[in-house]
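These are my notebook entries on one structure. I set down what I looked up, topic by topic.

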Amino acid sequence: MDKKIQINHKRFLSDISSFGQIGALSGGGVARLALTDSDRLGRDELVSRMKALGLRVSIDNIGNIFGTRAGRLSSTVMTGSHIDTVLTGGLYDGTYGVLAGLEVIAALNDACIETEHSITVASFTNEEGARFQPDMLGSLVFAGGMSVETARATADKSGITLGDELDRTGYAGAGHGPDHIISYYELHIEQGPVLENENTDIGVVTGVQGISWSRLTFRGRSSHAGTTPMHSRADSGLAAMSLITRLHTALKDIPEQLITCGSFQVLPDLINVVPHITTLTIDLRNPDEQALKTAEKILTELISDTEKAFNISVKKETLARFDPVSFNGKLISQIEKIAHNNGFTARRLCSGAGHDAQMIARIAPAAMIFVPSVNGLSHNIAELTYPDDLCRGTQVLAEAILSDAL
């Protein structure tokens with residue numbers, strides 16, 4: 001590659017800072033739950049910035065936003081991520097990758113570089129899954145893994161459907177994304193401590209571990225906390241707590257297995273009433289598919305045991321299930337080479353979090369670039385990645401995109 005590209009550090013950091021004012025939280029961070037008004041404002045701003053760079057903007061029927069810089073061919077190199085957040089999100093999760101893509105476009109414009117292939121910057125709908133499940137929903141639909149009709153019917157906790165919110169916010173588009181993607185790069189903060197702990201500049205992501213999300217609803221019987229003997233109770237709360245602790249113990253011997261109970265709610269939620277309904281979520285993750293299946297089997301067995309032991313019933317719903325994904329070997333090697341050529345330290349690692357790249361990997365060669373997260377924090381208003389690290393990652397992204405697009 002004889003053509004050179006250099007990102008503008010000052011412009012890029014300013015762009016990240018200003019975008020962080022949309023949905024800003026007191027004390028730092030942002031809240032842009034998918035298809036809320038704050039997310040709509042973020043989308044409006046993103047579309048405005050894309051048009052200011054001369055991109056052709058297209059919005060598909062699930063609300064994914066695509067900004068394309070035309071090349072001599074219609075085939076495209078794509079990059080992107082998402083701008084929706086959790087309720088206590090930081091400035092960088094997802095948004096960093098989208099705005100870095102726009103900075104690459106700006107740097108190409110600065111250098112007056114024309115490319116053989118087009119370059120598309122994408123922002124996918126509802127990546128977080130914090131409001132609508134499953135997560136990575138927009139990229140899943142784009143990759144053909146879920147129908148638009150099924151996705152639009154997905155409802156949040158209040159019963160509002162994703163389709164209704166797409167219509168309300170004006171982001172139920174009629175356009176479409178690129179048909180021929182020759183490569184996809186996603187730049188992201190690590191969201192974990194590995195790179196910082198090892199004082200490494202660039203994470204070269206080899207793949208994403210498998211994810212299994214479930215919701216369990218325990219149904220027992222409400223009764224008086226003071227007059228009902230323990231042996232006569234059908235205590236849904238106690239049953240739920242027992243299952244979680246037993247599951248945690250049972251999975252300890254499975255290598256690299258992760259388990260999280262992120263939501264736990266009881267009804268009627270009164271101090272002196274035995275709860276009749278308890279609902280919880282279970283997040284299981286493992287980079288090995290067979291190991292993940294073993295964990296799921298153990299969960300199923302424990303559900304049956306718990307029903308018998310506590311005289312309650314348990315309903316299990318699958319909220320999301322994604323197999324482990326391996327990224328494209330050629331793109332992985334290219335990212336590693338570019339990092340080293342720039343004098344950056346780099347190491348390969350598997351992503352513990354889910355990302356849109358794992359969906360795009362179903363239809364095109366895909367890879368990811370990580371930069372360090374201070375203290376490994378993410379999904380937290382204190383989320384921080386240092387400016388130098390943000391710019392190093394964006395420079396690697398720029399050179400990878402240009403290498404493929406020329």
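**Entry 1: Enclosed space**

I looked up the largest cavity and found a volume of about 30 Å³. I noted at the outset that the model is a predicted one. The count of cavities of 30 Å³ or more came to one. I then listed the lining of the largest cavity: T85, V86, G89, G90, D93, E128 and H379. By class, I recorded one nonpolar, four polar and two charged residues in this lining.

**Entry 2: An open pocket**

I turned next to the second largest pocket, which holds about 240 Å³ of space. Its lining consists of 14 residues, and R56, S74, G177, P178 and D179 are the ones nearest its centre. I asked which elements give two or more residues to this lining. They are strand 1 (56-59), strand 2 (65-69), strand 3 (73-81) and strand 4 (117-123). Strand 3 provides the largest share, three residues. I sorted the lining of the second largest pocket by class and obtained two nonpolar, 10 polar and two charged residues.

**Entry 3: Two helices**

I checked the length of helix 3 (residues 95-110) against expectation. At 1.5 Å a residue, its 16 residues should span 22 Å, and the end C-alpha atoms are indeed 22 Å apart, so the two values agree. Of these 16 residues, 14 are buried, and helix 3 is therefore mostly covered.

I repeated the check on helix 12 (residues 387-405). Its 19 residues should span 27 Å at 1.5 Å a residue, and its end C-alpha atoms are 27 Å apart, which agrees. Helix 12 is also mostly covered, with 15 of its 19 residues buried.

I then selected D389, which lies in helix 12. Is D389 buried or exposed? Its relative accessibility is 10%, so D389 counts as buried, the cut-off being under 20%. Leaving aside residues up to four places away in sequence, I found that D389 touches Y96, V371 and P372.

**Entry 4: Cysteines**

I searched for disulfides, and the structure holds zero. I looked up the exposure of two cysteines. C112 has a relative accessible area of 65% and is exposed, whereas C350, at 38%, counts as partly exposed.

**Entry 5: Backbone exceptions**

I reminded myself that most residues other than glycine have a negative phi, and that most peptide bonds are trans. I therefore listed the exceptions that I came upon.

C112 takes a positive phi of about 55° just after helix 3. E256 has a phi near 65°, also a positive value in a residue other than glycine. I located E256 in the loop between helix 8 (236-250) and strand 9 (258-260). Its relative accessibility is 60%, so E256 counts as exposed.

D269 is not a glycine either, yet its phi is positive, at about 65°. It lies in the loop between strand 10 (264-267) and strand 11 (273-274). At 57% relative accessibility, D269 counts as exposed. I also computed its separation from D167: the two are 102 residues apart in sequence and 36 Å apart in space, C-alpha to C-alpha.

Where are the cis peptide bonds that I noted? One runs from Q133 to P134, with omega near 5°. P134 is placed in the loop between strand 4 and helix 4 (137-142). Another runs from L267 to P268, with omega near 10°. P268 lies in the loop between strand 10 and strand 11, and D269 is in that loop as well.

Terms used
Residues are numbered from 1 along each chain as its sequence is written. This is a predicted model: local features need pLDDT of at least 70, side-chain atom pairs count only at pLDDT 80 or more; totals for chains, interfaces and linings use all residues. Side-chain values use heavy atoms; hydrogens and water are left out. Helices (H or I, at least four residues) and strands (E, at least two) are DSSP runs, numbered from the N terminus. Buried means under 20% relative accessible area, exposed over 50%, partly exposed in between (1.4 Å probe, protein chains only). Contact means heavy atoms within 4.5 Å. The expected span of a helix is 1.5 Å times one less than its number of residues. On a 1 Å grid over the protein atoms alone, a cavity is a set of points where a 1.4 Å probe fits but cannot get out, and a pocket is an open set with protein on both sides within 12 Å along at least five of seven lines; lining residues have an atom within 4 Å of a point. Grid points are joined across faces, edges and corners, and a volume is the space filled by probe spheres set on the points. Ala, Val, Leu, Ile, Met, Phe, Trp, Tyr, Cys and Pro count as nonpolar, Asp, Glu, Lys and Arg as charged, and the others, Gly among them, as polar. A disulfide is a pair of cysteine sulfur atoms within 2.5 Å.
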